[in-house]
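Trainee: I have a structure to look at and would like to learn how to read it. Could you walk me through it, feature by feature?

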Amino acid sequence: MENVFVSQHPLIKHKLAKLRDKDTEPKKFRELIREIAGLLTYEATLDLELSPFEVTTPLEKMSGSILKEKIGLVPILRAGLGMVEGVWELMPSSEVWHIGIYRDEKTLKPVEYYNKLPIEPRVSVCLILDPMLATGGSATATIDVLKRWGVKRIKFVGIIGAPEGIKAVHDEHPDVPVFLADVDRQLNEHGYILPGLGDAGDRQFGTG
Ligand code: PRP
Ligand code: URA
């Protein structure tokens, strides 16, 4: 599908297998989420714009480049929180804007409960961070919020996607590229991704 990028990087595949393992403890799980998020972001930021920057080395002047665009990281609470540090390590001057959305357990529809975005957007590119793209409801709702806010460029960085969720996001927002570590088989009757990794929020925060 156009605008959907699934990493083929061996490091990501290795870490993802450990992440999925039911015996991986919350501490290791958080570490893996952080590391995979950083590796995926490296791939997702290939097209960021640059400005020329004159730099003086200990030996002479040269022309270098620095990032031009102001970047916002938008973790979807709760599970997206664990991805922030991994991305921040690469882009420490990014702003972090939290969006709180949970899925209603019965309807599987997204419910927004936290949003403190200022009236005017202060960033030109937003990376939405959420490890799980299941029905796509949470991702679609977050993209809606960011578009209404006025952000010009939005990317979704997830870890595991279900075909149903990827299609839902792509149908609604074909302009938003989706970056994932893997695409799984299907959703079960409770909206969980199969084979998946279980509940990403509970496994990070030890609340399962
Ligand atoms: C999980 C996950 C996504 C959402 C994906 O969050 O982190 O935000 O489900 O499902 P969807 O694609 O069907 O919307 P959850 O609602 O469990 O909230 P939590 O992170 O607070 O546990
Ligand atoms: N949210 C999760 O954390 N896991 C899933 O499989 C689906 C939604």
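Trainee: Let me start with one side chain: is K147 buried, partly exposed or exposed?

Mentor: Before we look, keep in mind that this is a predicted model. Residues between 20% and 50% relative accessible area are called partly exposed. K147 has a relative accessible area of 32%, so partly exposed is the right word for K147.

Trainee: Which residue does K147 meet in a salt bridge?

Mentor: First the general idea: side chains of opposite charge can pair when their charged atoms come close. In this model, the side chain of K147 meets that of D175, with 2.9 Å from N to O. K147 belongs to helix 4 (residues 137-149), while D175 sits in the loop between helix 5 (163-172) and strand 12 (178-180), so the salt bridge ties together parts that are 28 residues apart in sequence. D175 is also partly exposed, at 48% relative accessibility.

Trainee: How many salt bridges are there by this rule?

Mentor: The count comes to 13. One of them links R78 and D202, whose closest N and O atoms are 3.0 Å apart. R78 is in the loop between strand 4 (71-77) and helix 3 (81-88), and D202 is in helix 6 (residues 200-205), so this pair connects parts that are 124 residues apart in sequence. R78 counts as partly exposed at 35% relative accessibility, and D202 does too, at 22%.

Trainee: Where do D171 and K167 lie?

Mentor: Both are in helix 5, four residues apart, which is about one turn of the helix. Their side chains meet in a salt bridge, at 2.6 Å from N to O. The relative accessibility is 49% for D171, which counts as partly exposed, and K167 is partly exposed at 44%. Elsewhere, D47, E69, R153 and K155 are joined into one network by salt bridges that share partners.

Trainee: Now the ligand. Which residues are closest to ligand 1?

Mentor: For a ligand, start with the residues around it, then look at individual atom pairs. Ligand 1 is surrounded by 13 residues, and the closest are R103, D130, T135, G136 and S138. An N or O atom in the side chain of D130 is 2.4 Å from an oxygen atom of the ligand. For the side chain of S138, the corresponding distance to a ligand oxygen atom is 2.6 Å. A79 takes part through its backbone, with an N or O atom 3.3 Å from an oxygen atom of ligand 1. On its own, ligand 1 has 500 Å² of accessible area, and the protein covers 90% of that.

Trainee: What is the strand order in the open sheet of three strands?

Mentor: To read a sheet, follow the strands from one edge to the other. Here the order is 9-11-13, and the pairing is parallel. Strand 9 (132-133) and strand 13 (182-183) each have a single partner strand, so one side of each has no neighbour in the sheet. Strand 11 (residues 160-161) is joined to strand 13 by two bridges, and G161 stands opposite V183.

Trainee: Which residues form a nonpolar patch on the surface?

Mentor: Y102, Y113 and Y114 do, with about 320 Å² of accessible area together. Y114 is part of strand 7 (residues 110-115) and is partly exposed, with a relative accessible area of 35%.

Conventions. Residues numbered from 1 in each chain as written. Chains lettered and ligands numbered in written order. Predicted model: local features only at pLDDT ≥ 70, side-chain atom pairs only at ≥ 80, totals over all residues. Heavy atoms only, no water. Pairing = 2+ DSSP bridges. Patch = residues over 30% accessible without salt bridge, like charges linked within 9 Å, V, L, I, M, F, W, Y side chains within 5 Å. Areas by Shrake-Rupley, 256 points an atom, 1.4 Å probe, with all protein chains shown as cover. Salt bridge = Lys/Arg side-chain N within 4 Å of Asp/Glu carboxyl O. Buried < 20%, exposed > 50% of the residue type's maximum accessible area, 1.4 Å probe, protein only. Near = heavy atom within 4 Å. Polar contact = N/O pair within 3.5 Å; in protein donor to acceptor, adjacent residues only side chain to side chain.
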